[in-house]
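Reader: I'm new to this one and don't quite know where to look. Could you pick a single part, go through it closely, and then show me what else is around?

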Amino acid sequence: MLFNSYPFLFVFLPLTLAGFFLVARAGHAWAAAWLAAASFVFYGWWNPVYVVLLAASMMFNFVVGLAIVREAGSRRAGRLLAIGVAADLVLLGYFKYADFFVSNLDYLGAALPLPHIVLPLGISFFTFTQIAFLADAYQGKAAEYRFTHYCLFVTYFPHLIAGPVLHHREMMPQFGEAATYRVNWESLAVGFTILAIGLFKKTVLADGIAEYARPVFDAPARGAVLGAVDAWGGALAYAFQLYFDFSGYSDMAIGLSRLFGVRLPLNFNSPYRAASIIDFWRRWHMTLSRFLRDYLYFPLGGNRRGTARRYLNVMVTMLLGGLWHGASWTFVAWGGLHGLYLLVNHAWRELRVRLGSTRPAGRAAKTAAVFVTFLATVVAWVVFRADTIEHAWAILQAMAGANGVTLPYRWLDKLGAAGTWLARQGVQFQNTPTFGGGTQINWILICALIAFAAPNTQEILRSFRPALGVDPDGAAHWWRWRPARPWLAFAILAAGLAVLSLTSVSEFIYFQF
Amino acid sequence: MSARGYTVGLLLGLALLLAAASALNWLVDPFWYFRGPEIEGFNAVKPRFARFERHVKPQLLARERPQAIVLGSSLAEIGFDARNAALTEGGALRAYNFAFAGADWDLVQCHFDYALAATELKRAVIGIHPGALPAPRDCARRLTEISDFHPAKLLLSLQVLNQSLRTILEQGRGRSSNTREGRYLYARGVPGVDSRFREFLLERARQDPACTRKRVPASPPPSSAIAPVHVAPATGLDLSGLRSVIRKARERGVELRLFVYPRHALFVELDLLCGQDAGRWAALAAIARVVAEEAPRGGVELWDFDGYNEVTAEPIAGHNPRYWQDPEHFNFEMGGMMLADMFGGAPRGGLGRRMLPGRVDQEHQAFLEERDRYLANHPGFYDDLRAVLPKLR
């Protein structure tokens, strides 16, 4: 079930929410069980068969986790940890990477049939969440082992499909608090408002701008040659589509969880405002970055074994982080590209330290840094989104101007003398199906304005501590949310537009016969 | 304001907003789906229907369950009035124009399958182009707008709300894009028919590699100089899709009329000058043979309406044509004559030739004789051709 669907919003959510507080009157454990059961329904809506997989994975990890705790401090605990993590990775590898692995063997001449395994939704998230649990149990950081709460921790529907990646220690105490099971109007008001903002970002902004990205990324497969404006238009549209898609989803997860009185960790913090790639990864998919740092980069040695080893660890972490996003070489390349960016970023910082440059960057330098970081990110998104490395290369070449520049035909008249001059310089004026003209530019500008200049959801609701990792701050800003009529109107409008954008009826514009 | 008041206000406000949007979409009904009240100056005119017809027409078909349908591309969608007496047997059959702008042969077959499943069809008229008519590749993928449809999409939708508001604002246009029975009005009544002819024919001549002539001749060459004497059925044409359509029609007892999309005589003459006549008639002969093989006991007929007469050769340059919107898109007045020919209505149109496999050669000869006769009696025809087509390339 998707958050942005009628069945979820108008049936599942009201029933689950009302049921949770009603059942809580009979006992908190019952309410936790109700929420876990509802989460199984949420998951099984997509494919009931995979509920068994989720339940089996959960039972296995819980049992192994308990065994690790019982054997704490012994070698056996370490072996149990290794077995548990290996089993999780085998499960993930089988369901997510078997086709990828076999197709690569086939490329090398193995001629094996593709297993065509359907990827269970959210398997990366519930697997990583449980690997972190096993590691925390081994390190004695996981304190609470009630099965109902563990079950809820793994299956909790706000995070199940697309994160955030949770830590046992940040969730279990909340499931144990009595206040969680009482109706809290402030949490409901905050939760519904964040949900409305998230839905708006997803269905209005992300889905709205998506139609300008899709044709550009489909073009290389059709053999179409893209001009520079078309390619940049598509790359920027995709950069903002992904931004608002993920930002919207993260908001919805936080808002939904807050309805139940539970705070999720912050996962997204205006990443396009980052002034460096290091900063970008502190703002984009924050819980995944945290997981990769704590459970991959640090165990590899982190920065404790010299510069060369540190760079190697960064690159390995980013390559595997890329592969985590999907079973394709484009994701590996995307991770590698970001790894390279991070190496350059670290090297630059070290160079500045060596040169004794400790002066903080000025405003212009910061703006330039944000701009360069954003451009580097956009280039990497092209690799992330393209079907193949070859297609990504074709789009990047087009962005570099290899195929010249094409502008819509009507702009020739609109630009007047400038248009004539551009035409003489080789700019072609013809309509293409890969560039939406002024409407597309307006979409990109509006999205850019929101991403770069507007306060984000956490900043707006900061006074009410919307997520873990956001400290309350009562500073007075006119844009700070509070239960008041203007904000009520804003929330109704955002929610209304979002719900009305859940479905679209595609327009058929074939009129040339 | 309390958090409780805010929460209740948000949920109630949202419910009210959605209810208001749905009510407006239902009332305006920009795609003629709900068929509620039609108020002059508010929603009686439906200019936004055409762009969303692929969503709505299939649903209307399933709901209205017509017994007679027209299938094909915009040519069929513009050219046939579903209220025509010949098509409806004088009103005895419910009919609907189920043709779609931009529908290729694949899509036409998918729509035929859908219509067979959704209605109790008795009669179908299908437009074809003479050439290969292969089986469709993947109807499920082509018809996602049907499988994904839900009436709620026409109520709870920002996009539909936008179309509703535009419908209200565009009432001044005074004309819907389609008729209630599905006929598309396209450029009917819009001036500039001769320029549409000019652009179309010039582009056709430019894109035709067989058209090596530089200029329209001063006088019409005799048919014997530009057309073959005998027609042999084309070999190697993939007509598997056509066979399948005919079989399905026979199995379901559907009376099927296949017609080759007619062209204005200027277009026909251009193709003759460019040497395209032989290929067309060879394809027709092959199609006629398939029809005879698959429906030996009748029920399925193939008709061709190309010719030289007062309707198909209607003067264009400097006139306000009644039968044509461009060299391919004919008006329903001509479509009515075609239906009368195909279904034996009165008065007969007298425009068409029924193609039987043993008579294609004779029909071709008759067509060429008709041409020679008409051009001899209408010396102005070539002036018209030169007026709309000063150069061939």
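Author: Let's start with helix 6 of chain A, whose buried residues are A:His149, A:Tyr150, A:Cys151, A:Leu152, A:Phe153, A:Val154 and A:Thr155. Keep in mind as you look that this is a predicted model. The helix runs over residues 147-155, and 7 of its 9 residues are buried, so it is largely enclosed by the rest of the structure. What does the covering? Among the elements that lie over those buried residues are helix 2 (28-44), helix 3 (49-70) and helix 5 (123-138) of chain A. Helix 7 (157-160) and helix 8 (168-176) of chain A belong to the cover too.

Pick out A:Cys151 from that helix for a moment. Its relative accessibility is 9%, and buried means under 20%, so A:Cys151 counts as buried. Another cysteine of chain A, A:Cys447, comes out at 0%, so A:Cys447 is buried as well.

Cysteines make a handy bridge to chain B. Over all chains, the count of disulfides comes to 1. B:Cys110 and B:Cys139 form it, with their sulfur atoms 2.1 Å apart. This pair ties together distant parts of the chain: B:Cys110 sits in helix 5 (residues 105-118) of chain B, B:Cys139 in helix 6 (residues 139-142) of chain B, and 29 residues separate them. If you turn the link around on screen, you'll find it is left-handed, with -90° about the S-S bond. B:Cys110 has a relative accessibility of 1%, so this end of the link counts as buried.

Now step back and take in chain B as a whole. There are 16 helices and 6 strands in chain B. Its C-alpha trace spans about 90 × 50 × 40 Å along the principal axes. Of its 393 residues, 56% are buried. Take the contacts in chain B between residues at least 6 apart in sequence: 81% of those join residues at least 24 apart. As for the outside, the accessible surface of chain B comes to about 16,000 Å², and 53% of that belongs to carbon and sulfur atoms. Chain B also carries 50 positive and 45 negative charges, and their mean positions are 3 Å apart.

The strands of chain B are worth tracing one by one. The 6 strands form an open sheet in the order 2-1-3-4-5-6, with mixed pairing. Strand 2 (95-97) and strand 6 (353-354) of chain B stand at the edges with a single partner strand each, so one side of each has no neighbour in the sheet. Zoom in on the strand 2 end: strand 1 (residues 68-71) of chain B runs parallel to strand 2 of chain B, and 3 bridges join them. One residue to find there is B:Val70, whose bridge partner in strand 2 of chain B is B:Asn97.

For a last stop, look in the loop between strand 5 (300-304) and helix 14 (332-343) of chain B, where you'll find B:Pro315. Is B:Pro315 buried or partly exposed? At 33% relative accessibility, B:Pro315 counts as partly exposed. Leaving aside neighbours within four places in sequence, B:Pro315 is in contact with B:Pro321 and B:Asp384. Have a look at B:His264 too: B:Pro315 and B:His264 are 51 residues apart in sequence, yet 9.8 Å apart in space from C-alpha to C-alpha.

Terms used
Residues are numbered from 1 along each chain as its sequence is written. Chains are lettered from A and ligands numbered from 1 in the order in which they are written. This is a predicted model: local features need pLDDT of at least 70, side-chain atom pairs count only at pLDDT 80 or more; totals for chains, interfaces and linings use all residues. Side-chain values use heavy atoms; hydrogens and water are left out. Helices (H or I, at least four residues) and strands (E, at least two) are DSSP runs, numbered from the N terminus. Buried means under 20% relative accessible area, exposed over 50%, partly exposed in between (1.4 Å probe, protein chains only). Contact means heavy atoms within 4.5 Å. Accessible areas come from the Shrake-Rupley method with a 1.4 Å probe; for residues, only the protein chains shown count as cover. Lys and Arg count as positive and Asp and Glu as negative; His and the chain ends are not counted. The place of a charge is taken as NZ of Lys, CZ of Arg, CG of Asp or CD of Glu. A disulfide is a pair of cysteine sulfur atoms within 2.5 Å. Two strands pair if DSSP finds at least two bridges between them.
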